Amino acid sequence: MLPVYSPDSHADFQEFFASNFLKFYPDPFSLSRQTWKVIVQFWHMDLSQTELILMDSYSKMGPMPRQPSSMLRSYLLSLKLKVTSVTDWVSKLKECPLYAILSGFSPGDVPGIGTFYDFFWHMWNSDKKHLSTQFRYKKKKTPKGKKHGDKTPNIEDTAAFRFIRFFKKHPLPDSSGSPLSLIFRLYNQQFLDISVSRGLINPSAITLAGDGTPVRTMARPRYKKACKCSEKGILHCNCKRMFSQPDCNIGWDSSRDCYFNGYHLYMFVASDSENDLPVFPLLERASRHDMLSFLHSFFTMKTWLPEYRVAKLLLDAAHDADAVYRYCQETGIQPFIDLNSGNTGNFIYKDTFTVGSDGVPVCKLGLRMKPDGVEPDRNRCKWRCPKTNRSGCHCETPCSDSPYGRVVHTPTKDNPRLFNIPPRNSKEWDKEYDRRTSVERSNKREKEDYKLEDGRHRSSMMWYCRLYGIMMLQHLDAWGMPSVEAFQTVLSSNA
């Protein structure tokens with residue numbers, strides 16, 4: 001049977017909570033202040049669109065299901081309280097009336113373990129819990145970095161050019177047919193859009209910071225043979241295996257200097273938001289380079305969030321590729337990308353002038369020229385002889401007859417990788433690029449504060465449900481809530 005939808009479902013939940021809370025907790029002020037903060041957040045979290053979004057995933061026949069909004073609210077509450085097991089959470093719902101009431105269930109009538117897993121299937125728009133087939137060949141470990149902090153090597157230098165050219169010719173499909181479509185709509189309509197309406201994110205000119213982080217799912221890949229070679233006496237064959245987590249593989253964790261088995265989470269964060277709010281994620285295979293994960297995630301985000309216009313893009317040195325700069329130049333995006341130390345060197349630019357690894361012109365005496373402003377109309381930076389001041393040029397061997405001194409212009413079109421506006425060595429560039437750490441703070445919140453890696457799951461379905469649930473809570477934490485004292489006053493007056 002289809003779930004019952006009511007446009008006043010959120011008001012119904014608030015009335016249900018107010019009527020049952022004081023019944024089971026006649027002295028509510030004995031609860032801790034931290035518990036009250038959670039109550040305030042979930043009291044104001046409106047999940048009334050959940051039934052509409054998930055309506056088509058339910059059958060018209062059979063018994064009446066649990067309300068999807070209550071199931072989602074209960075799952076988010078378990079993530080908020082850092083309960084990593086569904087089995088443990090069901091036990092807590094039975095033991096603690098507050099958790100049941102705050103979820104929207106009557107104490108003594110809470111859903112079972114199977115009901116929660118059925119609900120996860122309703123959020124997953126596919127009859128398979130993995131994104132790829134379980135039968136595939138074994139692969140070798142990805143090459144590791146040369147030293148601490150090195151990323152997974154990008155084996156093919158021109159991969160960025162080929163990927164961008166492919167995505168231009170073959171745009172990715174929208175989210176409607178994806179297994180993630182329903183859970184993405186739950187997140188987008190009830191959390192991301194709310195943050196936009198509150199002014200926390202500006203989709204018309206957003207500044208995105210992107211980065212990848214390893215997500216370890218288990219110690220090693222688990223698989224079993226699907227062939228009959230062992231019956232024929234062949235113990236070590238190269239046939240396909242059936243993997244329990246086909247969307248995961250082995251990658252190199254540069255921060256811990258070790259291999260790991262799992263996903264490579266690539267996250268885009270609104271760096272111009274004060275709360276480091278996540279915008280769009282994808283779980284790639286662990287062996288993927290940051291560059292390839294970035295391109296796949298970026299073009300997917302453009303398709304799934306077409307109303308978002310990226311104004312600035314903040315990326316680390318793993319994304320330092322000429323193809324990315326050229327694409328940003330074509331689409332009007334202002335890139336702020338750190339230079340890769342392995343991709344530097346001087347080159348002759350004009351006459352005897354060279355350009356350093358940071359894009360600063362160097363004169364024939366080996367002196368770095370000093371910045372002398374930006375010409376945005378011509379999309380170029382202006383540099384002047386380092387031995388000039390207001391009175392003119394004071395170089396012993398001047399390279400220009402003008403008393404003003406030698407001037408060099410660096411148009412972005414000549415080399416968008418080195419010639420940035422503002423210049424890479426300027427305070428304006430450094431101030432903007434410093435915001436890139438917002439994506440690292442966001443990843444830290446997901447992995448450490450909300451225990452993303454502690455989920456003992458074996459499928460992409462469950463990992464995406466956990467990831468998007470945590471992102472929902474990140475947005476909820478950023479919304480301005482009334483004080484605990486003000487809420488207690490309102491609740492007591494409504495009781």
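**Note on the predicted model: cores, strands and surface**

1. In this predicted model, the largest nonpolar core holds 116 residues, and the members that touch the most others within this core are Phe120, Phe294 and Phe298. Among the elements that contribute to this core, helix 14, which covers residues 460-478, gives the most, with 13 residues. A second core, separate from the largest one, is made of seven residues, including Phe353, Val360, Met369 and Cys381.

2. Phe298 deserves a second look in the viewer. When residues up to four places away in sequence are left out, Phe298 touches Phe268, Val310, Leu313, Tyr327 and Ile333. One of these contacts, Leu313, also appears in the strand pairing described under point 4, where Leu313 of strand 8 is the bridge partner of Leu208.

3. Thr300 belongs to helix 10, which runs over residues 290-304. Is Thr300 buried or exposed? Its relative accessible area is 6%, and because buried means under 20%, Thr300 counts as buried. Not counting residues up to four places away in sequence, Thr300 touches Leu172, Phe280 and Leu282. As a guide to distance across the model, the C-alpha atoms of Thr300 and Val407 are separated by 43 Å, these two residues being 107 residues apart along the chain.

4. Strand 2 (residues 206-218) can be described both by its burial and by its partners. Twelve of its 13 residues are buried, so strand 2 is largely enclosed by the rest of the structure. Strand 2 pairs with strand 8 (residues 310-315) in the parallel sense, over four bridges, and within that pairing Leu208 has Leu313 as its bridge partner. With strand 6 (residues 258-270), strand 2 runs antiparallel, and ten bridges join the two; here His264 in strand 6 is the bridge partner of Pro214.

5. A separate point concerns an open sheet of three strands, arranged in the order 1-4-3 with antiparallel pairing. Which strands stand at the edges of this sheet? They are strand 1 (135-136) and strand 3 (223-225), each of which has a single partner strand, so one side of each is left without a neighbour in the sheet. Strand 3 and strand 4 (residues 241-243) are joined by three bridges in the antiparallel sense, and Lys224 stands opposite Met242 of strand 4.

6. On the surface, Met1, Val4 and Met64 together make a nonpolar patch of about 270 Å². Val4 is found in the segment that comes before helix 1 (9-24). The relative accessible area of Val4 is 48%, and because the partly exposed class lies between 20% and 50%, Val4 is described as partly exposed.

7. For the chain as a whole, the secondary structure comes to 15 helices and 17 strands, and the C-alpha trace spans about 90 × 75 × 40 Å along its principal axes. Of the 495 residues in the chain, 49% are buried. Among contacts in the chain with a separation of 6 or more, 69% are accounted for by residues 24 or more positions apart. The chain exposes about 23900 Å², of which carbon and sulfur atoms supply 50%.

Note on methods
Residues are numbered from 1 along each chain as its sequence is written. This is a predicted model: local features need pLDDT of at least 70, side-chain atom pairs count only at pLDDT 80 or more; totals for chains, interfaces and linings use all residues. Side-chain values use heavy atoms; hydrogens and water are left out. A nonpolar core is a set of buried Ala, Val, Leu, Ile, Met, Phe, Trp, Tyr and Cys residues joined through side-chain atoms within 4.5 Å. Buried means under 20% relative accessible area, exposed over 50%, partly exposed in between (1.4 Å probe, protein chains only). Contact means heavy atoms within 4.5 Å. Patches are made of residues with over 30% relative accessible area and no salt bridge: like charges are joined within 9 Å, nonpolar side chains (Val, Leu, Ile, Met, Phe, Trp, Tyr) within 5 Å. Accessible areas come from the Shrake-Rupley method with a 1.4 Å probe; for residues, only the protein chains shown count as cover. A salt bridge is a side-chain nitrogen of Lys or Arg within 4 Å of a carboxyl oxygen of Asp or Glu. Two strands pair if DSSP finds at least two bridges between them.
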